[in-house]
Each structure stands twice: as structure tokens, then as C-alpha cells.
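Here are a few exercises to work through with the model open in your viewer. Try each task yourself before you read the solution.

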Amino acid sequence: MDGPGVAITAKLPVAIRSWSGQEEEFADFMGDNRVLLRALLIWEEEGGNADEDERSALTHLQIKTDLLLTLLSAGIRAQEPLPAAHPCELRGDSLQITLDDDWQPLDFPLQAAIYLHPRLAMPLRLPGAGFEQVLTDSVQRLWRFPFRLSPGVQEMLDRLIFRHHRREVARLRESMMDHKTRKE
């Protein structure tokens, strides 16, 4: 969307909501974000440095945790469905999102609640001031939403984004190698 760089680019469920702009609510958001990002980072961890017995125990525990999170999220989603998915690009300092032509930005403090994993019903809450329209040649309307996070949550988000970026590069290389091998 915005050119090359380290970002998570996907079509993800996003809700745009107002928030008070107060530090107490910001602290609540960061507490929830810390829990979510820690779960996502652990969930995606490969356990490469553990020996075989530790890896087996970690895998067993991870399977139980995955099942528990999946069941809890399924129950939550059954009560309240996820918001509509939009093409997004999540960077460490902003979210770029393609929204419907009739969407208009609101004038009060906003948060973007973005659901990073399809099986988790807990959003990453990105508090900010407002949206900036990005001019493009496309017919679709692209918006940039700068946000602010606490330093600890920012570090966790940066790690998650970097991991996704590294995996995308690995997939691209693997795809190129497969393509080369098929030509030969």
C-alpha cells in the first residue's frame, strides 16, 4: 500500500471506534494489547533452542493453549461477530486501511481495533487522534491512521511485524526456488 518496508499486509477485520483520549483508558488498552501480543508471539514461537524433551512438553502445552484460546474465541465470536475485513497494512507507527467510499473520518479521538489472528476474538487496540487520507491513483479510498503505543507494547508489536515480514520473505524465496526447480 505504502511501498516497501516491514509491515503486516492482509485483509483483516477492523473496527473504528471512539475512545475518551484519557490516560486511564490508554493504560487499559496497553494492558490488553500486552496480553494479546504476548499470546501471539508465544503462539507463533518455534521453540528452536529447546532440546527434544522440552520441545515435546512445550508443544503439548502449546496445543492445549491453542485449543483453549480457540474455544474461548469461538464462544466470544458467537456472541458478537467480528467486524468487516478490510485491506490493511500495519506498520509500527501507523495503520493504512482501505475503507468504503462513503466512510467519513470522525472528529474525536479514535481507536482502530484490528483482529490480527482469525481464531482470536481479541483485537489489538490502536489509539490515535484521527485519520489522514492518502492520495492514490486507485478508485478506493486509502486512509492512514497514526497511533501511539506504550514502549513495551511498541516493542512487542515491532517484533511481531518483523516476524511476519521475515516469514513472508522466506515464503517468497521458497516460491522462487520451487518455480526455478520446475523450469529445470
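**Exercise 1. Place serine 94 in this predicted model: which strand holds serine 94, and is serine 94 buried or exposed?**

Step 1. Start with the secondary structure: serine 94 sits in strand β3.

Step 2. Now check accessibility. The cut-off for buried is under 20% relative accessible area. Serine 94 comes in at 2%, so it counts as buried.

Step 3. Look at what the side chain does. Its polar contact is with the side chain of aspartate 93, at 3.3 Å.

Step 4. Finally, list the partners from further along the chain. Skipping neighbours within four places in sequence, serine 94 contacts Glu89, Arg144, Phe145, Pro146 and Phe147.

**Exercise 2. Do the same for leucine 99: what is its relative accessible area, and which residues does leucine 99 touch?**

Step 1. Leucine 99 is also part of strand β3.

Step 2. Its relative accessible area is 8%, so leucine 99 is buried.

Step 3. Leaving out residues up to four places away in sequence, leucine 99 touches His86, Arg141 and Trp143.

Step 4. For a distance check, pick alanine 85. Leucine 99 and alanine 85 are 14 residues apart in sequence, and their C-alpha atoms are 9.7 Å apart.

**Exercise 3. Work out the sheet: what is the strand order, and which strands stand at the edges?**

Step 1. Trace the open sheet of 7 strands and you get β5-β4-β1-β2-β3-β7-β6, with antiparallel pairing.

Step 2. β5 and β6 (132–134) are the edge strands. Each has a single partner strand, so one side of each has no neighbour in the sheet.

Step 3. Going from one strand to the next, the twist averages 40°.

Step 4. Zoom in on one pair. β1 and β4 run antiparallel and are joined by 5 bridges. Arginine 17 stands opposite glutamine 111 in β4.

**Exercise 4. Describe the largest nonpolar core: how many residues does it have, and which element supplies the largest share?**

Step 1. The core has 35 residues. Leu90, Leu95, Ile114, Leu116, Leu124 and Leu126 have the most contacts inside it.

Step 2. Several elements each supply at least two core residues, among them β1 (8–18), α1 (23–44), β3 (94–99) and α3 (151–183). The largest share, 8 residues, comes from α1.

Step 3. Take leucine 116 as a test case. Not counting residues up to four places away in sequence, leucine 116 touches Leu12, Leu37, Leu40, Leu90, Leu124 and Leu160.

Step 4. For background, nonpolar side chains tend to be buried together in soluble globular proteins.

Notes:
Residues are numbered from 1 along each chain as its sequence is written. This is a predicted model: local features need pLDDT of at least 70, side-chain atom pairs count only at pLDDT 80 or more; totals for chains, interfaces and linings use all residues. Side-chain values use heavy atoms; hydrogens and water are left out. A nonpolar core is a set of buried Ala, Val, Leu, Ile, Met, Phe, Trp, Tyr and Cys residues joined through side-chain atoms within 4.5 Å. Buried means under 20% relative accessible area, exposed over 50%, partly exposed in between (1.4 Å probe, protein chains only). Helices (H or I, at least four residues) and strands (E, at least two) are DSSP runs, numbered from the N terminus. Contact means heavy atoms within 4.5 Å. A polar contact is a pair of N or O atoms within 3.5 Å; within protein, one must be able to donate a hydrogen and the other to accept it, and residues adjacent in sequence count only if both atoms are side-chain atoms. Two strands pair if DSSP finds at least two bridges between them. Axes are lines fitted to C-alpha atoms, for helices over the stretch in contact, and angles run from 0 to 180 degrees between N-to-C directions.
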